[in-house]
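Here is a set of short questions and answers on one protein chain. Keep the structure open beside you as you read.

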Amino acid sequence: MRDGLALTPGMRVGLFGGSFNPAHEGHLHVAETAMQRLELDRIVWMVSPQNPLKDAAQTAPLAARMASARTMARAPGMVVSDVETRLGTVWTIDTLRALTDRYPGVRFVWVMGSDNLASFHHWRGWTDIMRLMPVAVVARPGSLLDSRTAPAAARFARARLSPERARLLPECEAPCWTYLTAPLNHQSSTAIRRAAASA
């Protein structure tokens with residue numbers, strides 16, 4: 001299977017999954033913050049075929065969401081991929097296991113916004129994700145308190161790396177995670193879809 005990622009051992013690679021329905025500047029903010037603070041070589045925007053926790057009727061076709069992500073992910077080192085569709089995986093844990101098997105020696109980091117950390121304990125295999133690769137959480141508006149008190153944050157409190165040492169995260173043995181704050185971007189896919197529907 002060709003996945004277009006062209007990753008080589010030793011690379012520091014962020015995996016940033018989502019529906020991107022549509023992609024927006026808030027997503028770009030998360031990706032840019034992770035790239036800079038973790039000193040990543042690449043960040044892969046993994047556009048999910050269909051988030052099992054979201055309503056398929058309100059999700060745009062994959063091609064439209066891929067195009068949306070490409071309009072945002074233009075910076076050097078950013079790649080937009082439909083690798084989950086190519087792999088045939090539904091759950092994030094299965095995708096991450098497949099990629100770590102396919103690319104031994106690549107230093108992967110799972111990247112997500114703090115809004116996802118707040119509900120992370122509802123994901124299938126979330127503790128397995130934490131133990132599979134380091135995780136970077138980037139602050140997003142409206143979820144700062146919920147994410148800091150999230151079950152995942154409490155469960156893995158001892159594995160937390162200070163933001164001052166975030167650049168070391170890709171080299172860390174999982175479980176290891178960090179919480180990155182930066183000037184907040186308030187765009188959201190939900191708000192964009194609501195505005196489009198009322199236009």
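**Salt bridges first**

Q: How many salt bridges does the count come to?
A: This model is predicted. A salt bridge needs a side-chain nitrogen of Lys or Arg within 4 Å of a carboxyl oxygen of Asp or Glu. By this rule, the count comes to four.

Q: Which parts of the chain does the salt bridge between R12 and E171 tie together, and how many residues apart are they?
A: The side chains of R12 and E171 meet at 2.7 Å, N to O. R12 lies in strand 1, and E171 lies in the loop between strand 6 and strand 7, so the pair ties together parts that are 159 residues apart in sequence.

Q: Is R12 buried or exposed?
A: Buried means under 20% relative accessible area. R12 has a relative accessibility of 13%, so R12 counts as buried.

Q: What does E171 count as, at 41% relative accessibility?
A: Exposed means over 50%, and buried means under 20%. The value for E171 is 41%, so E171 counts as partly exposed.

Q: Which residue of the salt bridge between R86 and D82 is buried?
A: Their side chains meet at 2.6 Å, N to O. R86 has a relative accessible area of 42%, so R86 is partly exposed. The relative accessible area of the other partner is 18%, so the buried residue is D82.

Q: How many residues apart are D128 and R97?
A: The side chains of D128 and R97 meet in a salt bridge at 3.5 Å, N to O. D128 sits in helix 6 and R97 in helix 4. This pair links distant parts of the chain, and the separation is 31 residues.

Q: Which residues join into one network through salt bridges that share partners?
A: R12 and E171 already form a salt bridge. Shared partners bring in R107 as well. The network is R12, R107 and E171.

**A buried arginine**

Q: How far from R42 is the nearest side chain of opposite charge?
A: R42 lies in strand 2. R42 is buried yet has no salt bridge. A salt bridge would need a distance within 4 Å. The nearest side chain of opposite charge, D41, is away by 7.9 Å.

Q: Which backbone oxygen does the side chain of R42 reach?
A: R42 is in contact with residues including L5, L7, M11 and V79, leaving aside its neighbours within four places in sequence. A6 is another of these contacts. At 3.2 Å, the side chain of R42 reaches the backbone oxygen of A6.

**Helix 1**

Q: Why does the span of helix 1 agree with its number of residues?
A: Helix 1 has 14 residues, from 25 to 38. At 1.5 Å a residue, these should span 20 Å. The end C-alpha atoms agree with that, because they are apart by 19 Å.

Q: How many residues of helix 1 are buried?
A: Helix 1 is mostly covered. Its buried residues include G26, L28, V30 and L38. Of its 14 residues, the number buried is 10.

Q: What phi does E39 take?
A: E39 comes just after helix 1. Its phi is positive, at about 55 degrees.

**The nonpolar cores**

Q: How many residues does the largest nonpolar core have?
A: Among those with the most contacts inside this core are L15, F108 and W110. Elements that give two or more residues to the core include strand 1, helix 4 and strand 7. The number of residues in the core is 33.

Q: How many residues make up the second, separate core?
A: This core includes L28, V30, V80 and V138. L28 and V30 are also buried residues of helix 1. The second core has 27 residues.

Q: Is T92 buried or exposed?
A: T92 has its place in helix 4. T92 touches E84, W110, W123 and I129, not counting residues up to four places away in sequence. Its relative accessible area is 17%, so T92 is buried.

**The whole chain**

Q: What percentage of the residues of the chain count as buried?
A: The chain has nine helices and seven strands. The chain holds 199 residues, and the share that count as buried is 47%.

Key
Residues numbered from 1 in each chain as written. Predicted model: local features only at pLDDT ≥ 70, side-chain atom pairs only at ≥ 80, totals over all residues. Heavy atoms only, no water. Helix = DSSP H or I, 4+ residues; strand = E, 2+ residues; numbered from the N terminus. Expected span 1.5 Å × (residues − 1). Buried < 20%, exposed > 50% of the residue type's maximum accessible area, 1.4 Å probe, protein only. Core = buried A, V, L, I, M, F, W, Y, C linked by side-chain atoms within 4.5 Å. Lys, Arg positive; Asp, Glu negative; His and termini not counted. Polar contact = N/O pair within 3.5 Å; in protein donor to acceptor, adjacent residues only side chain to side chain. Contact = heavy atoms within 4.5 Å.
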